[in-house]
Amino acid sequence: MKQFFKMTLATVCGIAIFLLIAGFFLVISLVGMLASESAPTKVEDNSVFVIKLSGTISERAEGSTPFDAVLGMNDMSAMGLDDLIASIRKAKDNDDIKGIYLEGGLTEFDAPATAQQLRDALKDFKKSGKWIVAYADMYMQANYYVVSVADKVYLNAEGNVDFKGLGGKGEYLKGLYDKIGVKYMTAKVGKYKSYVERNTLTGMSDYDREQRAAYTNGIWQYWLKEIAESRKVTPKQLNQLANDSIMAFANPDDYMTAKLVDKILFPEELKAEIKDRLKLGKDDNIPQLTLADMLNVARSRT
């Protein structure tokens, strides 16, 4: 029995010592990660700020943790508009950053206003005389609205552009409530009170349809105006493309004819295009800065 207790005590002590040592190294690792994250990013000459427009873009991103670096999640499935705009302003004022590369993808904006503010920040960046180039395998509609501000909009040879206009729909639960014997009671004053209609109607009311059409059309007309200005076409031409729905079945050359994109490129051709802009040799590497890098770039003093 005495031998049993000795072995048990030795095992417990061994486990405790192991946990202490492991905990010590974990703390050292976390401190190192935090220090590296807070260290200012050194910007090389002839750098390009790469913005990957994929994932969710909301007004303000949730704060990251040191574990994000370990898991490779820093850059960035969920981006904050505030971080993007601050980084674009830094890039505008930093002489070592020559341009911005927008990489299109499956982007979800939390509101049309978010897309507009991001586009406005990019438009302001161009006032510095620096360039913006966009490239994607596929441009979603809000994504395309943002990247249309670029000096050049390129598309992969197998890519497409989603350009079909804005719309909306609602879900209505009254039919379900009727089947299960639930009666939804509500009181409202006024005609444009559609919040509760999903529970009291089986379809969209005329008043709800009117107000939805008003704000959706307002956003769409503004987008058309902005895109048309950048792409050197008219809002009427763009609206006709969306009405005809031809872009849903277009081949890449049709996007060029419609002036939605400037050129069809393969990735290697795109690299050559950017190297030409930076006056780099064929075998030179392109210095790149991600959003995570830009967050640690020091602001230029004016």
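**Reading a predicted fold: accessibility, salt bridges, sheet and core**

Biologist: How should I read relative accessibility for K92, and which class does its value give?

Modeller: K92 has a relative accessibility of 24% and therefore counts as partly exposed, since that class lies between the buried limit of under 20% and the exposed limit of over 50%. Please bear in mind throughout that this is a predicted model.

Biologist: With which residue does K92 form a salt bridge, and how far apart are the closest N and O atoms?

Modeller: The partner is D124, and the closest N and O atoms are 3.1 Å apart. K92 belongs to helix 3 (residues 81-93) and D124 to helix 4 (residues 112-125), so this salt bridge ties together parts that are 32 residues apart in sequence. D124, at 26% relative accessibility, is likewise classed as partly exposed.

Biologist: How many salt bridges does a search of the whole structure find?

Modeller: The search finds 15. One of them joins R277 to E273, with 2.9 Å between the closest N and O atoms. Both residues lie in helix 11 (residues 267-278), and because they are four residues apart, about one helical turn separates them. R277 is partly exposed, at 28% relative accessibility.

Biologist: For the salt bridge between D162 and K164, which residue is buried and which is exposed?

Modeller: D162 is the buried residue, at 17% relative accessibility, whereas K164 is exposed, with a relative accessible area of 53%. Their side chains meet at 2.8 Å, N to O.

Biologist: Which residues are linked in a network of salt bridges?

Modeller: The network links R119, K123, K225, E226 and E229.

Biologist: Let us turn to the sheet. What is the order of its strands, and is their pairing parallel or antiparallel?

Modeller: In general, the strands of a sheet pair through backbone hydrogen bonds, in a parallel or an antiparallel sense. In this model, six strands form an open sheet in the order 8-7-6-4-1-9, and the pairing is parallel. Strand 8 (263-264) and strand 9 (288-289) are the edge strands, each pairing on one side only.

Biologist: How many bridges pair strand 6 with strand 7?

Modeller: Six bridges pair strand 6 (residues 131-139) with strand 7 (residues 152-161) in the parallel sense. As a point of reference, V133 stands opposite K152 of strand 7.

Biologist: Which strands do helix 4 and helix 11 touch?

Modeller: Helix 4 packs on the sheet and touches strand 1 (47-52), strand 4 (97-103) and strand 6. Its direction makes about 150 degrees with that of strand 4. Helix 11 also packs on the sheet, where it touches strand 1, strand 4, strand 6, strand 7 and strand 8. The direction of helix 11 makes about 175 degrees with that of strand 6.

Biologist: Where is P287 placed, and is this residue buried or exposed?

Modeller: P287 is in the loop between helix 11 and strand 9. With a relative accessibility of 13%, P287 counts as buried. P287 and S47 are 240 residues apart in sequence, yet their C-alpha atoms are 4.7 Å apart in space. Beyond its neighbours within four places in sequence, P287 is in contact with E44, D45, N46, S47, V48 and L280.

Biologist: Finally, which members of the largest nonpolar core touch the most other members?

Modeller: They are L118, L122 and F163, in a core of 55 residues. A second, separate core has 13 residues, among them V48, Y135, Y154 and I274.

Methods
Residues are numbered from 1 along each chain as its sequence is written. This is a predicted model: local features need pLDDT of at least 70, side-chain atom pairs count only at pLDDT 80 or more; totals for chains, interfaces and linings use all residues. Side-chain values use heavy atoms; hydrogens and water are left out. A nonpolar core is a set of buried Ala, Val, Leu, Ile, Met, Phe, Trp, Tyr and Cys residues joined through side-chain atoms within 4.5 Å. Buried means under 20% relative accessible area, exposed over 50%, partly exposed in between (1.4 Å probe, protein chains only). A salt bridge is a side-chain nitrogen of Lys or Arg within 4 Å of a carboxyl oxygen of Asp or Glu. Helices (H or I, at least four residues) and strands (E, at least two) are DSSP runs, numbered from the N terminus. Two strands pair if DSSP finds at least two bridges between them. Contact means heavy atoms within 4.5 Å. Axes are lines fitted to C-alpha atoms, for helices over the stretch in contact, and angles run from 0 to 180 degrees between N-to-C directions.
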